[in-house]
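Reader: I would like a close look at a single part of this protein, with its surroundings explained step by step. Please keep to plain words.

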Amino acid sequence: DMLLYHAELRRCDLRNDAYWICTFANRQNDLEELKYIDLNETPFVRAIMGETCEGTVMCMDPEATPFKRSWCTLEHFVTTRVCKKENLTRKLDVASVIEEGSQKCHKYDQ
């Protein structure tokens with residue numbers, strides 16, 4: 001649902017546009033391809049730096065798990081810092097589905 005909503009907001013054409021999802025793109029039981037000394041050679045960085053990439057979508061769960069995962073942190077860094085340094089324009093979106101009624105409002109003194 002998150003990615004469908006994201007595609008709708010970004011006006012993606014799902015017949016021609018694609019999402020690269022590392023969970024499906026990498027063999028999870030054989031991560032030999034991730035043993036690079038140079039992080040620029042990893043599939044993550046190559047996908048983000050590729051000429052057809054328009055950006056990165058960080059799919060957030062209630063525990064903010066992506067911020068606890070080193071590969072997600074690398075993807076965020078490459079999207080926001082490395083691409084800028086290389087004069088590449090990339091978007092960074094954060095997508096989340098919030099279950100109805102689960103939102104909390106906190107009052108803070110100003």
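Author: What follows is a walk along helix 4 and then outward to the parts around it, in a model that is predicted.

First, the setting. The protein chain contains four helices and two strands, and along the sequence they come in the order α-α-α-β-α-β. Of the 110 residues in the chain, 23% are buried. The chain exposes about 9200 Å², and 51% of that area is supplied by carbon and sulfur atoms. Among the contacts in the chain with a separation of 6 or more, 56% are between residues 24 or more positions apart.

Now the helix. Helix 4 covers residues 70-85, which makes 16 residues. At 1.5 Å a residue, a helix with that number of residues should span 22 Å, and the C-alpha atoms at its two ends are 21 Å apart, so the expected span and the model agree. The helix does have a bend, of about 40 degrees, at V78. Just past the end of helix 4 comes N87, whose phi is positive, at about 60 degrees.

Which residues of helix 4 are buried? They are C72, L74, E75, V78, T79, V82 and C83. V78, where the helix bends, is thus listed among the buried residues.

Several of these residues belong to the largest nonpolar core, a set of six residues: V45, I48, L74, V78, V82 and C83. Helix 3 and helix 4 each supply at least two residues of the core. The largest share, four residues, is from helix 4. C83 can serve as an example of how one core residue is surrounded. Setting aside neighbours within four places in sequence, C83 is in contact with I48, M49, V78, L88 and R90. I48 and V78 are also members of the core.

A further residue of helix 4 to look at is T79. What makes T79 count as buried? Its relative accessible area is 5%, and buried means under 20%. Residues up to four places away in sequence not counted, T79 touches I48, T56, R90, K91 and L92. I48 is thus touched by T79 and is in contact with C83.

T56, one of the residues that T79 touches, lies in strand 1. T79 and T56 are 23 residues apart along the chain, yet their C-alpha atoms are separated by 6.8 Å. T56 is buried, with a relative accessible area of 11%. Beyond residues up to four places away in sequence, T56 touches I48, T79, K91, L92 and D93. K91 and L92 therefore appear in the list for T56 and in the list for T79, and these lists can be compared under the cut-off that contact means heavy atoms within 4.5 Å.

Two residues touched by T56, K91 and D93, lead on to the salt bridges. The structure holds three of them.

In one salt bridge, the side chains of D93 and R10 meet, at 2.8 Å from N to O. D93 is in strand 2 (residues 91-96), while R10 is in the loop between helix 1 (2-9) and helix 2 (22-25), so the pair ties together parts that are 83 residues apart in sequence. D93 counts as buried, at 14% relative accessibility. R10 is partly exposed, with a relative accessible area of 39%.

Another salt bridge joins the side chains of E54 and K91, at 3.7 Å from N to O. E54 sits in the loop between helix 3 (43-49) and strand 1 (55-60), and K91 belongs to strand 2, so this pair ties together parts that are 37 residues apart in sequence. E54 counts as exposed, at 55% relative accessibility, whereas K91 counts as partly exposed, at 33%.

The remaining pair is D13 and R15, whose closest N and O atoms are 3.1 Å apart. D13 is partly exposed, at 25% relative accessibility, and R15 is exposed, with a relative accessible area of 73%.

To return to the helix: helix 4 bends at V78 and gives four residues to the largest nonpolar core. Its residue T79 touches T56, K91 and L92, among others.

How values were computed. Residues are numbered from 1 along each chain as its sequence is written. This is a predicted model: local features need pLDDT of at least 70, side-chain atom pairs count only at pLDDT 80 or more; totals for chains, interfaces and linings use all residues. Side-chain values use heavy atoms; hydrogens and water are left out. Buried means under 20% relative accessible area, exposed over 50%, partly exposed in between (1.4 Å probe, protein chains only). Accessible areas come from the Shrake-Rupley method with a 1.4 Å probe; for residues, only the protein chains shown count as cover. The expected span of a helix is 1.5 Å times one less than its number of residues. The bend at a residue is the angle between axes fitted to the seven residues ending there and the seven starting there. A salt bridge is a side-chain nitrogen of Lys or Arg within 4 Å of a carboxyl oxygen of Asp or Glu. A nonpolar core is a set of buried Ala, Val, Leu, Ile, Met, Phe, Trp, Tyr and Cys residues joined through side-chain atoms within 4.5 Å.
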